Amino acid sequence: MFSLNNVGPMTEQAYGSGRFLASYLVAGASGNLLSAIKSPNPALGASGAVFGVMASLLVFLGRNDWVMGSQGEAYRSAVTQTLLINLVMGAVNPMVDNWGHIGGAIGGATMAWYFGPRLYIAEVPLPEGVGRVIVDKPLVRLPYFIESIPTKVSKGVRRLTRRIKIWGHIADLPDKPWRKNRQHQHHKIDYKRRQQIAPNRSIKPMLPSDE
């Protein structure tokens, strides 16, 4: 989880919340699947998903190295060393399920290769001349409803949080404060009805005679 805390925010910023979530889930599923197939002691956990996140970041840095420059090379070297050290530790320690880590890395790298950002420079006509912008053209674009899941979930959580706060303020209010310390006095009131009877007259139109 320490690696996820270090690498996760950078990967999410590069991929976006939707693609980051999809890569994380696919990497976790592929890691657990390969562990169930290959490992003599299959395990179920999120370490494969963490390896998938690191592999996704490694693919992004290798594909778009012209954007990051020397800083990208430093990040790529650090992520590669982290992956290799963890794989060696998993190979030495029999209690560590290395197949889950390898499966997660394969799943994350595959998602990054097909759905990850591929950055290009495009020329855009402007009133002053021609401008250049960076465009993301992945090999396969995820459907919009998948990419928008984190945004919808965060909006729902914020809406629920506001409602909980409002409910808390309402719960602190006294129950029916307008009835508190109220003296109920029963007064006998005489109501008089006055009816005004208007004459009911029917007015018939005068039709012209033929004579």
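**Exercise 1. The salt bridge**

Task: Find the residue that forms a salt bridge with Asp136, and say which elements the pair links.

Solution:
- Step 1. Start at Asp136 in this predicted model. Its salt-bridge partner is Arg19.
- Step 2. Check the distance. The closest N and O atoms are 2.8 Å apart. The cut-off is 4 Å, so the pair qualifies.
- Step 3. Place both residues. Asp136 sits in strand β2 (residues 129-136), and Arg19 sits in helix α2 (residues 17-38). The two are 117 residues apart, so the bridge links distant parts of the chain.
- Step 4. Look for others. A search of the whole structure gives 1 salt bridge.

**Exercise 2. Arg19 and its surroundings**

Task: Is Arg19 buried or exposed?

Solution:
- Step 1. Take the relative accessibility of Arg19, which is 10%.
- Step 2. Apply the cut-off. Buried means under 20%. Arg19 therefore counts as buried.

**Exercise 3. Two helices packed together**

Task: Describe how α2 packs with helix α6 (residues 98-115).

Solution:
- Step 1. Give the geometry. The angle is about 145°, and the axes lie 7 Å apart.
- Step 2. Give the hand. The crossing of α2 and α6 is right-handed.
- Step 3. Name contact residues. On α2 they include Arg19, Ala22, Val26 and Leu34. On α6 they include Trp99, Ile102, Gly107 and Phe115.
- Step 4. Sort the residues of this contact by type. There are 8 nonpolar, 9 polar and 2 charged.

**Exercise 4. The nonpolar core**

Task: Which residues touch the most other members of the largest nonpolar core, and which element gives the largest share?

Solution:
- Step 1. This core has 18 residues. Met54, Leu57 and Phe60 touch the most other members.
- Step 2. List the elements that give two or more residues. They are α1 (2-15), α3 (47-63), α5 (70-92) and α6.
- Step 3. Find the largest share. It comes from α3, with 9 residues.
- Step 4. Follow Met54 outward. Beyond its neighbours within four places in sequence, Met54 contacts Ser3, Val7, Val79, Thr82 and Leu83.

**Exercise 5. A loop residue**

Task: Where is Asp97 placed, and is Asp97 buried or exposed?

Solution:
- Step 1. Asp97 lies in the loop between α5 and α6.
- Step 2. Its relative accessibility is 14%, so Asp97 counts as buried.
- Step 3. List its contacts, leaving aside neighbours within four places in sequence. They are Ser35, Ser39, Asn41, Pro42 and Ala43.
- Step 4. Set sequence beside space. Asp97 and Leu44 are 53 residues apart in sequence, and their C-alpha atoms are 9.3 Å apart.

Conventions: Residues are numbered from 1 along each chain as its sequence is written. This is a predicted model: local features need pLDDT of at least 70, side-chain atom pairs count only at pLDDT 80 or more; totals for chains, interfaces and linings use all residues. Side-chain values use heavy atoms; hydrogens and water are left out. A salt bridge is a side-chain nitrogen of Lys or Arg within 4 Å of a carboxyl oxygen of Asp or Glu. Helices (H or I, at least four residues) and strands (E, at least two) are DSSP runs, numbered from the N terminus. Buried means under 20% relative accessible area, exposed over 50%, partly exposed in between (1.4 Å probe, protein chains only). Axes are lines fitted to C-alpha atoms, for helices over the stretch in contact, and angles run from 0 to 180 degrees between N-to-C directions. A crossing is left-handed if the near helix is turned anticlockwise from the far one by less than a right angle, and right-handed if clockwise. Contact means heavy atoms within 4.5 Å. Ala, Val, Leu, Ile, Met, Phe, Trp, Tyr, Cys and Pro count as nonpolar, Asp, Glu, Lys and Arg as charged, and the others, Gly among them, as polar. A nonpolar core is a set of buried Ala, Val, Leu, Ile, Met, Phe, Trp, Tyr and Cys residues joined through side-chain atoms within 4.5 Å.
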